[in-house]
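Biologist: Could you walk me through how the parts of this protein model touch each other?

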Amino acid sequence: MIAVSNITKFYGNGGSRNQVLKGISLQIADGDFTVILGTSGSGKSTFLNVMSGLERPDSGSVAYGASDITKLSDGELTQFRKDNIGFIFQQYYLLPNMTVEKNVRMGADLADNREYREIITAVGLEDKQKKYPSELSGGEQQRVSVARALAKKPKVLFLDEPTGALDEQTSRQVLDYICKLHKEYRFTVVMVTHNQNIAEMANTVVKMNSGKISEIFTNEKQKAAYEIGW
Amino acid sequence: MMIGIKDAVKLIGISVIACCAVFVCTLFLSYNIDVAALKDEIATEVGMMMYQAQVSTGKVVAAVSGGCLAATSAVMLLFYIKNYIDTHGKELGILKALGYSNFKIAKHFWIFGSSVFVGCALGYMAAFLYLPSFYELQNAEHLFPEIKVQFHPILAFLLVVVPAIGFAVLAIIYACLRLKTPALDLMKEKHEHKAKLSKNETKDIPFLKELTRSTVRGRKSLVFFIAFSAFCFSAMVQMSMSMKDLSSETMAIMILTIGLILAFVTLFLSLSSVVKGNTKTIAMMRVFGYKHNDCSKAVLGGYRPFSYIGFAIGTIYQYALLKIMVTIVFADVENVPEYNFDFTACAITLGLFILTYEIAMYAYSQRIKKLPIKSVMLE
């Protein structure tokens, strides 16, 4: 269980000080698929960064079970991310000088995962293992970043606009892979998006507006990636 | 155009190397020209032998030091231009897509040659200011009639103007060649890879080990600079220790100062470039949970063997150069002490080198520790 309590976050100093998160509280159950929905500037990416331990809040707590990660030192936070968290970003952030296999191994080695090739196969890239990122399409690159994140066997997977740079067809394909792997491995998914249709794939939808949660609701039936509108 | 003085300022390393090269060349070539003017006044046989030896020394030192440093400056300039085009691929690609020709874009790269001009001019001025003291020391030995400092416009032209123009032209030609890459590839920041995978890539190598290898493979020019830095440190420090006996203390201090400046400037610029070029990789590793030590070792550790290779080559180089000077150049001169390899000097220099190199590595590993993850991810 992830328990976020009364989180605040400010950017800037003096007169230009801007409150991005205004006392957010939220609970996410283990294995849940949560989508954080909001427009640009609503604070959803900052919220994701704080929840995942990439950024520290100015006040409030983020607890994973009994452990409050806001109180961890930088070294402990790194260890926490190593043991628990996987990330997928809009810009992929693959290592350009390494092949697909080596990029995935970046995640796999952290979890001593020797079966990482199975995940490469699971995202449909078994024949591209020796290719470099620049030799792949955008969709394929994002699938590499999915495989890299999952190869470290995370307990929670954070996704920041994972389909933001992809076309509709490729986006559906990537989301489909994520859903299938979520069902298989049962990790918790927290995805940030501005696309309302993607929210139909989640158990829980958290709507954000101007640094606050404006609405939380549960989908009675989760839709598959190829069933949602676009 | 996007290339400005600010970009040229980043080439301070080239300025320092050019400065050292021109300083040494001006000093010895001016001395040679001024001594040559007195050739007819040298009456004794010993004086004539000394004259021949001094002229030969001047030529060897100017050619070897000037040549090596000029070549290093050229490699460094090409490295900077390649790096500039790689990091500004998007802007350059857009210019090409808009219809600017390769030459029209490349001609603005002349500004990179200005770093050579600044370095050469400073080196020439420093040498000219130092010449009176240098001549005073030579005159004190009463080997030749009194040598006077004279201004040689040809030297100023050859050592300041010609290199500046030459390097500016080199920058334009090289930029023109690099800009032949199609506009789309420039915009995509496409990385070049060898079509054939190396044997290592087919083996089951752990990620951190592979990262170390790919970091080194990805920037081979930095391997050269780091090895060159160790080479300068090793050769110049050991040479300065031996020079004390073979030549004079002033000469030893001069060599030591130039060697240390070259070594430190090259090392720090190279390490800065390594860290800067791998910022995103380091940030991503930290996001995934790699420890700070693992990141530092993987990114910086691969260069260590090359620095020791550079040190070894520097040791051999200085021994060979001094041996040649003593046995060939000063062959006919009396009272030149015998020169043998100085194991004590080598051991002291190695100790100092290890200490200096590891302190630099530690400083840069602290810099890696302070890299802000979030700002990198939001770029």
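Modeller: Sure, here come a few questions and answers about its interfaces. It's a predicted model, so to speak: local features need pLDDT of at least 70, side-chain atom pairs count only at pLDDT 80 or more, and totals for chains, interfaces and linings use all residues. Residues are numbered from 1 along each chain as its sequence is written, chains are lettered from A and ligands numbered from 1 in the order in which they are written, and side-chain values use heavy atoms, with hydrogens and water left out.

Biologist: What area is buried between chain B and chain A?

Modeller: Contact means heavy atoms within 4.5 Å, and here 29 residues from chain B meet 31 residues from chain A. Buried area is the accessible area (1.4 Å probe) that two parts lose on being put together, summed over both. Carbon and sulfur atoms give 63% of it, and the total is about 2800 Å².

Biologist: How many salt bridges are there between domain 1 of chain B and domain 2 of chain B?

Modeller: An automatic or database assignment sets the domain bounds, giving domain 1 (1-192) and domain 2 (204-379) in chain B. A salt bridge needs a side-chain nitrogen of Lys or Arg within 4 Å of a carboxyl oxygen of Asp or Glu. Between these two domains of chain B, the count is zero.

Biologist: Which three residues supply 21% of the area that domain 1 of chain B buries against domain 2 of chain B?

Modeller: Those two domains of chain B bury about 2200 Å² between them, with 84% from carbon and sulfur atoms. The trio that beats any other three residues on the domain 1 side is B:M49, B:T72 and B:F79.
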